[in-house]
Each structure stands twice: as C-alpha cells, then as structure tokens.
Amino acid sequence: MSLLVFGLVMVFSSSSVTSYYRYEGDVFFFFKKQLLWACLGTITLLVMQNVDYWRWRRFTMPALFLAIVLLLLVLLPGVGKTVNGAQRWINLGFMSFQPSETIKLCMVLFSAHYLAAARQQLHSFTRGTLPLLGVLGLVCGLILLQPDLGTAVALAGTVYIMLYAAGVPYKQLVGLALSGLAAVALAIVLEPYRMRRFLAFLDPEADPMGSGYHIIQSLYAIGSGGFFGKGLGQSLQKYFYLPEQHTDFIFAIIGEELGFLGGALVIFLFMILVWRGLRVAITAPDAYASLLAAGLTSMVGLQAVVNIGVVTGSLPVTGITLPFISFGGTSLVFSMAGIGLLLNISRYTLDH
C-alpha cells in the first residue's frame, strides 16, 4: 500500500501540468482517474486475498483463453486503439483496456498450474518444458505485434524464473537463456525503430533531438534532483520537456523532485516486496502455491527493474510502466490482483 499511496502522490505531481493544458485547467484529471483505478484495484486485491488461492486454479484455462482472445482483438483495425504508433489498447468508451496487462497475470497462473502438474516430466524438454514454451511463444508473439517488446521480455523473464523455481535442468535453462537473448537481438535488428533506440542507448548524444531525446531528458531530470531533490511539485522537466512523465518515465520525476533519497526509497520498497514474495514462495504449503508466489513476485520485480533501468539509461528505451506508481489503470488493477493472490498464499505458509 505504501507504493500505491506514493504512486498516487507522484501521478498528481508529475501530471498536473499536462492535465491543466489538455483538460481545460483541470490539474486533477489524471489523478482522479488513477484514484478511481486504485479504489477498483483495492477491491480486487481484497477479493483475491480472501478467496483461497487454490479455488482460482479451476479458472486458469478459461482465463488464459479469454486473455489470448483479447490480445487478438486489440490487433484488429477499428478495435485496437493506437497511441504513439503502438496498438495496445481496446477503447471501451469510458475507459481504455490493455490486454497485455491481463495476459501477464493469466500466464503466471497457467505456468504455475502447468509446472506443478508436470513436475515429473520437467527433465524432458519435449514432454515437460516445450508445451509451456509453445504457449509463451504464442502470447509473446501477439504482444510483439502490438508492438511491445518490453512487456514480452518481462513476461518471458517471469516464466523463465518460474522454470528455474520448478527445477528445470540447468542445461535447459542455459539453452533457453541463450535462445531468448538471440530472439531479443533479432527483434531489435528487424525493426528499425528498435535499432534506433538501441543505438541511442549506446550513445544518446548522437541523436539528441530524435531517438536519444527521452533518455537525455530523463537523465537531466534525475541529475538535477541531486541528493534531496527540488521538492515535491517543483519539477521543471514535466513542463513538456520529458515525454511520458506520468507513465513510463515517472521515476525520473521522482528523482528530480525527491532526489536520490526518493529514488532509493522506491527501490527499497520494491526490494522489500520482492523479499517478502520470495519468502512466501519458499515457505508455501505446496508446489502450485510456491510457483504461483514466485511468478507473481517476479512479475512485479522484473517490471520494476526494466522500468528503472530504462529511465536511468541502464537499458534501451521500451514502453513499460513502473508497477503501482505509473499512471495506468489496467496495469494497476492486475498488479494489485497479483498482490492479493500473494497475500492469500502467505496465510498458508509454513512460517505463518
């Protein structure tokens, strides 16, 4: 809840200027929407927390099937909403829905279900690991068509960690890691805009007004914050210098307004969440609960690592939000649903 409350404060601070100019002087526009999603997310968390985790297992296949259908629908002309060249949202009129956020939770549920049931076959690649990789490949392929490489990589990384937790042999894990790196490299090379982003990651000053603009402005924001920051609400970069300042690059505004201390606090909170999540996974009462807890924890942790890595120039720019903090309703609700499941599992841990 600390991350959620902190995120609401930062969404208001980072979006107030954009809200004022886009929505007739309403500085609270994005904040009000995020607050509404936070309330819905809290209700979702409480439901997931209070319904025994094993009861959700029977809905794994229907939920996965529905999520894949939604991924297909978002690619259809007239159904999917395009923003900045990416077709990732379904416009429902009163809100936009992002199916890739749904599929992340559904894939974690499916992976935990499959790996727990196939534990005796995991030594065999064809009978154990390959069927899961087939489903993962389909899902990641649909996400890449949006296009959204960041979410695909984060999802694949989550499933990879679950494979490790399930006890898949190291030879398979090494082969999968090398294959995954090759696939990411190929995805970058085949798409000119991704290649430009990668080159900008290596040398952002080579194209300061083009592909290097995001990262340069982000680093300006973080660097100008110093140790203590300029003060809450005092960002200059949010005055249309830094794009996506309340979504993908909100961590840069945190660094500018709250300094190194604010950024370190956010990282510390995520570290506590990951530590507690992994502790739940280790002490879970059964294989399914253990794998589910590991997947839910990895889902949030990897997304945070990728987002902060992008904002600080440690990774190439890709469109992925900071869990619980960035503006975005679908991401917030499904992230909180995952935390609700994790809290539910924690009630049954061996050290509870």
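In which kind of crossing, left-handed or right-handed, does helix 2 pass helix 12? The legends below take you there, and then on to three more close-ups of this predicted model.

**View 1. Helix 2 meets helix 12.** Here's the answer to the opening question: helix 2 passes helix 12 in a right-handed crossing. Helix 2 covers residues 29-50 and helix 12 covers residues 329-346. Their axes come within 7 Å and cross at roughly 25 degrees. Angles under 35 degrees count as roughly parallel, so that's the label for helix 2 and helix 12. On the helix 2 side, the residues making the contact include Trp37, Leu40, Leu45, Met48 and Gln49. Helix 12 brings in, among others, Leu332, Val333, Met336, Gly340 and Leu343. Sort the residues of this contact by class and you get 12 nonpolar, nine polar and no charged.

**View 2. Zooming in on glycine 340, a residue of helix 12.** Is glycine 340 buried or exposed? Its relative accessibility is 0%, and buried means under 20%, so glycine 340 counts as buried. Leaving out residues up to four places away in sequence, glycine 340 touches Leu45, Met48 and Gln49. Those three also turn up among the helix 2 residues in the contact with helix 12. Now look for phenylalanine 31: along the chain, it and glycine 340 are 309 residues apart, and their C-alpha atoms are separated by 23 Å.

**View 3. Helix 9 alongside helix 10.** Helix 9 takes in residues 213-225, and helix 10 takes in residues 250-282. The two axes come within 6 Å and cross at roughly 20 degrees, which makes helix 9 roughly parallel to helix 10. This time the crossing is left-handed. Who makes the contact? From helix 9 it's Ser218, Ala221, Ile222, Ser224 and Gly225, and from helix 10 it's Ala252, Gly255, Glu256 and Gly259. By class, that gives three nonpolar, five polar and one charged residues.

**View 4. Glutamine 237, in the loop between helix 9 and helix 10.** Glutamine 237 has a relative accessible area of 11%, so this loop residue is buried. Which side chain does the side chain of glutamine 237 make a polar contact with? Find glutamine 217: the two side chains make that polar contact at 2.8 Å. Not counting residues up to four places away in sequence, glutamine 237 touches Gln217, Tyr220, Ala221, Leu242, Ile253 and Glu256. You've already met Ala221 and Glu256, since both belong to the contact of helix 9 with helix 10.

Methods. Residues are numbered from 1 along each chain as its sequence is written. This is a predicted model: local features need pLDDT of at least 70, side-chain atom pairs count only at pLDDT 80 or more; totals for chains, interfaces and linings use all residues. Side-chain values use heavy atoms; hydrogens and water are left out. Axes are lines fitted to C-alpha atoms, for helices over the stretch in contact, and angles run from 0 to 180 degrees between N-to-C directions. Helices (H or I, at least four residues) and strands (E, at least two) are DSSP runs, numbered from the N terminus. Angles under 35 degrees count as roughly parallel, over 145 as roughly antiparallel, 65 to 115 as roughly perpendicular and the rest as oblique. A crossing is left-handed if the near helix is turned anticlockwise from the far one by less than a right angle, and right-handed if clockwise. Contact means heavy atoms within 4.5 Å. Ala, Val, Leu, Ile, Met, Phe, Trp, Tyr, Cys and Pro count as nonpolar, Asp, Glu, Lys and Arg as charged, and the others, Gly among them, as polar. Buried means under 20% relative accessible area, exposed over 50%, partly exposed in between (1.4 Å probe, protein chains only). A polar contact is a pair of N or O atoms within 3.5 Å; within protein, one must be able to donate a hydrogen and the other to accept it, and residues adjacent in sequence count only if both atoms are side-chain atoms.
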